[in-house]
Each structure stands twice: as structure tokens, then as C-alpha cells.
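Dear colleague,

Here is the structure I promised to pass on to you, with its sequence alongside. Please keep it open while you read the notes that follow.

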Amino acid sequence: TFHLFVALDFKKVVRGWERELQASKFRETKLEVEKRTMEDNMRALNDELCTFKEENKETLTMLKAELHTIKEQQKELDQTNSKLTEDVKTLQDHNKVLQDHNKVLQEEIKTCKKTSQADESEKTFAKSNSKKEYE
């Protein structure tokens, strides 16, 4: 009976080991499934990353082209601004010359008016003298 008891205990131990082995295999299978799922997810994420990188390359290329265009336009605007600044300076110089000329003309007009008034005074004086002499 002792041998039978030991054999039954041994059988229980073996069954425990078998259950542990099955549980271990189940855990291993479950871990393999999780591992495959994670690998699939990593591949999907890598694909998304590659797509994202490619889209970013295209966007970056487009933005670089736009930046180049903007820089060219800025150069043109700077040149135009420089030319307009020169034109304004030239016009200001011309305006100053015209203002100076205008002052000279105004002085000449004043002189002419004074001369004209003096001539009128002389004529009036001469007429009144000639009337006096006539009488």
C-alpha cells in the first residue's frame, strides 16, 4: 500500500507538472501571439513613419521652393524700393530747384510791379506837369 500511495502521489505530481507544462505552453503561445501582434503593429507604425517622412520630404521641397520664390520677390521689391527712393530724392531735388526758381520769379514780379508803379507814377506826374504847362 505504501508503494501504491507513493505511486499515486507521484502520479499527482506528474499531473501537476503536466498542468504546469500545459499552462506554460499556453502562456508561451499567448506570448508568441502578443509578440506577433506587436511585430505587426511595429511594421504598421514603420510603414506610417515612412509615409510620413515621404510626405514631409514633399512638403519640405514645396516649402523650399516657395521660400526661394519669396526671396526672389523680396529682392525685386528691394530693388524697386531702392529705385523709388532714388526717384523720390531726384523729385525732391527738382522740387527744390523749382521752388528756388519760383522765388526768383516772384522777386522779378515784385520788381516789375514796383517798376510798373514807378512808371505809372512818372506818367501821371508827367501828364499833370504837361497839363500844368499847357494851361
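K11 has a relative accessibility of 47%, and because partly exposed covers the range between under 20% for buried and over 50% for exposed, K11 counts as partly exposed. Please bear in mind, as you look at this residue and at the others below, that the model is a predicted one. K11 has its place in helix α1, which covers residues 2-134, and on the surface K11 gathers with K12, R15 and R19 in a patch of positive charge.

What does the secondary structure of the protein chain come to? It comes to one helix and zero strands. Of the 135 residues in the protein chain, buried residues make up 1%. The accessible surface of the chain comes to about 13200 Å², and carbon and sulfur atoms account for 59% of that surface.

Next come the salt bridges, of which a search of the whole structure finds six; I describe some of them here, going along the chain.

One of them joins the side chains of R43 and D40, with a distance of 2.4 Å from N to O. Both residues lie in helix α1, and they are three residues apart, which is about one turn of the helix. Is R43 buried, partly exposed or exposed? With a relative accessibility of 49%, R43 counts as partly exposed, and D40, with a relative accessible area of 43%, is partly exposed as well.

Another salt bridge is formed where the side chains of K75 and E72 meet, at 3.8 Å from N to O. K75 and E72 are separated by about one helical turn, because they stand three residues apart in helix α1. For E72 the relative accessibility is 33%, so E72 counts as partly exposed.

The side chains of K83 and D87 also meet in a salt bridge, here at 2.9 Å from N to O. How many residues apart are K83 and D87 in helix α1? They are four residues apart, and this spacing is again about one turn of the helix. K83 is partly exposed, with a relative accessible area of 45%, while D87, at 29% relative accessibility, counts as partly exposed too.

When you go through the model yourself, you might begin with the patch of K11, K12, R15 and R19, and then follow helix α1 to the pair of R43 and D40 and on to the pair of K83 and D87.

With best wishes

How values were computed. Residues are numbered from 1 along each chain as its sequence is written. This is a predicted model: local features need pLDDT of at least 70, side-chain atom pairs count only at pLDDT 80 or more; totals for chains, interfaces and linings use all residues. Side-chain values use heavy atoms; hydrogens and water are left out. Patches are made of residues with over 30% relative accessible area and no salt bridge: like charges are joined within 9 Å, nonpolar side chains (Val, Leu, Ile, Met, Phe, Trp, Tyr) within 5 Å. Accessible areas come from the Shrake-Rupley method with a 1.4 Å probe; for residues, only the protein chains shown count as cover. A salt bridge is a side-chain nitrogen of Lys or Arg within 4 Å of a carboxyl oxygen of Asp or Glu. Lys and Arg count as positive and Asp and Glu as negative; His and the chain ends are not counted. The place of a charge is taken as NZ of Lys, CZ of Arg, CG of Asp or CD of Glu. Helices (H or I, at least four residues) and strands (E, at least two) are DSSP runs, numbered from the N terminus. Buried means under 20% relative accessible area, exposed over 50%, partly exposed in between (1.4 Å probe, protein chains only).
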